[in-house]
Structure formats: C-alpha cells, structure tokens
Amino acid sequence: MKKIRLPPLGSLKAFDVVAQQRSFKRAAEDIGVTATAISHQIRVLEEALGTAVFERSAREVRLTAAGKILRQATRQAFAGLQAAVEEIHHAGLPAALTLTTTSNFLTHWLVPRLADLKAAAPEMDLRLHTGIELVDLTRNTVDVAIRYSESANESLDSTLLYHDTFVLVASPALALKTMEDLKEVTLFHVENRHIPHPSPDWENWKKHVGPAQLNTDSGLRFTDETHAIQAAIAGQGVAIVSSLLAHDFIEKGILTTPFPQYLPGANYYLVTAKEKALRDDIVTLRRWLLDKMSAFPRLESENEHGKLIQTKHKC
C-alpha cells in the first residue's frame with residue numbers, strides 16, 4: 001500500500017491554532033502572521049487531504065468530521081513537541097542550587113551580598129532556605145548548607161569559612177567608656193544558644209572581663225540574635241553578638257565595639273554531600289564564600305596559656 005505523505009507542517013500548525021481559536025483572525029494574531037497567510041495554509045492543507053477541515057460562516061469556524069479527526073491528532077502531536085522542546089531547554093540550564101542556613105546568617109551576611117554573588121555567578125539558580133533544624137543533605141532536597149558548629153562533620157564535605165568571635169556591641173549614642181558603664185545600661189540576653197560552649201553570655205563576660213559587680217540577671221531576653229542586634233542599634237542597651245553578623249553595622253558606624261575584649265565563638269562551615277562536592281555551581285559558591293570571608297579578620301580566641309586575649313578587636 002502506497003504511503004500517504006503528510007501535509008506540510010506549517011499547514012498543520014495553522015490548522016491546530018485555528019481549531020483552538022475558532023477564528024482565522026485570532027489564529028493569525030496568535031502565530032504572528034496575516035489572516036491571508038492562515039487562509040493560504042488551510043487551503044494547502046485541504047488540497048493535500050482532498051477534503052475540507054472547516055465549515056466557515058460569518059460568525060464562527062467549525063470543524064468538519066475530517067477536521068475533528070485531524071484536530072485530535074494535532075493536539076497530541078504539538079503538545080508532545082512542546083513538551084520535548086521544553087525538556088531539552090531545561091536540560092541545558094544549570095541545576096537549581098538550594099542552600100539552607102540560619103535566618104540570622106541569611107539576614108545579616110548573605111542577603112547584603114547577594115548582588116555581588118549574582119554578578120560573580122550570573123548563571124547560578126540559587127534557592128534559599130532557612131531553619132533551625134539540620135537538613136539531611138543526603139536526601140537531595142537541599143544541596144548545600146552553611147552551618148555553625150565547633151567542628152567539621154566528617155560524614156560530609158566540609159569547608160571552614162570563618163572562625164567566629166563574640167563582641168560587645170552598642171549604639172554610639174550610649175557613649176560607653178569604661179566597663180563600669182555597663183552597670184548603667186540594659187543588658188540584652190540571647191537565649192537558647194547551644195553553640196559555642198561555654199555560651200558567650202553575660203555571665204561568661206563578667207567572669208572573664210568584668211565588671212565584678214555587673215548584675216547579669218537584669219535586662220531583656222531575646223530568643224533571636226537579630227532582635228538583640230536591632231535593639232542595640234536602637235540604643236536601648238548592649239548585646240554580645242557574633243562579630244561576623246554585626247560586621248556591616250560596625251563598619252558603617254551604626255554599632256560600635258566600645259571594648260577590645262571578645263569571647264570565643266565557633267566556626268562557619270559550608271557543607272554538602274561528598275558526591276556533590278565537585279558540582280560546578282557548588283565549587284563556584286565555595287570559591288565565592290572563601291573569597292568574601294577572607295576579607296574578615298581571623299581572630300584567635302585564646303592565647304597559649306588559654307586566657308582570653310585582650311587584643312584590640314577591629315571587625
């Protein structure tokens with residue numbers, strides 16, 4: 001049996017759009033051609049098939065029996081072609097990179113630098129997630145995490161980004177001069193800090209720095225470091241916070257570190273599953289983070305005798 005040749009693809013596409021729009025004019029607008037061009041394509045199709053596919057009237061265009069058969073086939077065919085083209089297109093795009101971290105780190109450090117990251121890696125499709133619960137990086141719902149801990153997780157690929165310290169911050173308006181001034185201002189406490197140990201709290205500050213008569217039971221208590229930082233910016237009291245998270249406020253003079261002493265902190269790590277460690281976008285993110293973190297001072301928390309360093313802190 002002789003194989004019947006298919007009509008030209010352009011005529012089939014024109015037919016499919018007219019059948020969908022029920023109008024030659026609207027089909028022409030949809031495709032971006034003239035109504036005359038659409039009429040020509042339909043004429044070519046009908047000549048190839050040897051039958052009419054539309055019944056035309058002043059009000060509407062309706063499918064003939066042959067047109068209904070053809071419409072069922074073109075709908076499936078063009079939907080399949082569209083899906084295939086989209087799959088090919090998306091396959092050529094970089095995979096999305098999902099990063100999880102704490103809301104404090106995202107708010108105070110990463111978000112202010114996102115424009116720089118976009119400029120450095122314009123093709124990176126970054127998705128950001130925050131939470132206090134550790135996400136299982138082996139389940140592929142999240143690709144990388146920036147975590148705060150005292151040691152690296154050996155089961156994951158871990159890159160040390162920054163060794164943190166905790167500094168006392170206050171608004172310049174408070175004009176703190178001596179340690180004794182702390183007895184006259186409101187102390188902001190950040191509760192539920194599990195890392196580092198011992199906690200960089202006011203009791204620890206009093207023990208290592210002073211003053212001896214500081215009432216560490218007084219003050220306001222926060223469950224989130226961000227709120228303590230904002231209250232300090234407002235000049236309502238003083239807080240002991242991460243030097244990394246407070247850096248931009250100190251750099252801009254919004255907050256001051258009136259005293260040179262600081263308390264030990266933990267480490268920021270970039271972690272990912274070992275099998276993803278060499279993925280191009282993760283390598284790019286790691287390189288960018290290390291470059292940005294290298295601009296921050298590396299402070300040692302203790303000297304060789306295990307005593308708190310009294311070196312002047314410059315964030």
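Which residues does Thr64 touch, not counting residues up to four places away in sequence? They are Ala52, Val53, Phe54 and Glu55, where contact means heavy atoms within 4.5 Å. The legends below begin with the whole chain and then return to this site. The structure is a predicted model, in which local features need pLDDT of at least 70 and side-chain atom pairs count only at pLDDT 80 or more, while totals for chains, interfaces and linings use all residues. Residues are numbered from 1 along each chain as its sequence is written, and side-chain values use heavy atoms, with hydrogens and water left out.

**Figure 1. Overview of the protein, with its 10 helices and 10 strands.** Helices (H or I, at least four residues) and strands (E, at least two) are DSSP runs, numbered from the N terminus. The radius of gyration is 33 Å, well over the 20 Å that the globule rule gives for 315 residues, so the protein is more spread out than a compact globule; the radius is taken over C-alpha atoms, and the rule is 2.2 Å times the number of residues to the power 0.38. Along the principal axes, the C-alpha trace spans about 100 × 40 × 30 Å. Of the 315 residues, 43% count as buried, a term that means under 20% relative accessible area, with exposed meaning over 50% and partly exposed lying in between (1.4 Å probe, protein chains only). Among contacts with a separation of 6 or more, 77% come from residues 24 or more positions apart.

**Figure 2. Close-up of Thr64, in the loop between strand 2 (61-63) and helix 4 (65-91).** Thr64 counts as buried, at 12% relative accessibility. Its side chain reaches the backbone oxygen of Ala52 at 2.8 Å, and Ala52 is also one of the residues that Thr64 touches. Such a polar contact is a pair of N or O atoms within 3.5 Å; within protein, one must be able to donate a hydrogen and the other to accept it, and residues adjacent in sequence count only if both atoms are side-chain atoms.

**Figure 3. Close-up of helix 9 (residues 243-251), which is largely enclosed by the rest of the structure because eight of its nine residues are buried.** The buried residues are Ser243, Leu244, Leu245, Ala246, His247, Asp248, Phe249 and Ile250. They pack against helix 5 (103-110), strand 6 (157-169), helix 8 (225-233), strand 9 (238-242), strand 10 (262-272) and helix 10 (280-293). At the N-terminal end, Ser242 caps the helix, with a side-chain oxygen 3.2 Å from the backbone nitrogen of Leu244. Just after helix 9, Gly253 takes a positive phi of about 80°.

**Figure 4. Close-up of Asn104, a residue of helix 5.** With a relative accessibility of 14%, Asn104 counts as buried. Leaving out residues up to four places away in sequence, Asn104 touches Trp109, Asp224, Glu225, Thr226 and Leu245; of these, Leu245 is among the buried residues of helix 9.

**Figure 5. Close-up of Thr141, in the loop between strand 4 (125-130) and strand 5 (144-149).** Thr141 is exposed, with a relative accessible area of 57%. Apart from neighbours within four places in sequence, Thr141 is in contact with Thr98, Val135 and Asp136. Thr141 and Leu99 are 42 residues apart in sequence, and their C-alpha atoms are 9.8 Å apart in space.

**Figure 6. Close-up of the loop between strand 6 and strand 7 (187-190), where Thr178 has its place.** Thr178 is partly exposed, with a relative accessible area of 40%, and its C-alpha atom is separated by 20 Å from that of Ile254, 76 residues apart along the chain. Ala175 is found in the loop between strand 6 and strand 7 as well; it is partly exposed, with a relative accessible area of 45%, and has a positive phi of about 50° although it is not a glycine.

**Figure 7. Close-up of backbone features on either side of helix 7 (202-208).** Most residues other than glycine have a negative phi, and most peptide bonds are trans. In the loop between strand 7 and helix 7 lies Asn192, a residue other than glycine whose phi is near 65°, a positive value; Asn192 counts as exposed, at 57% relative accessibility. Pro198 is found in the loop between strand 7 and helix 7 too, and a cis peptide bond with omega of about 0° joins His197 and Pro198. A cis peptide bond, again with omega of about 0°, joins Gly210 and Pro211, and Pro211 is placed in the loop between helix 7 and strand 8 (220-222).
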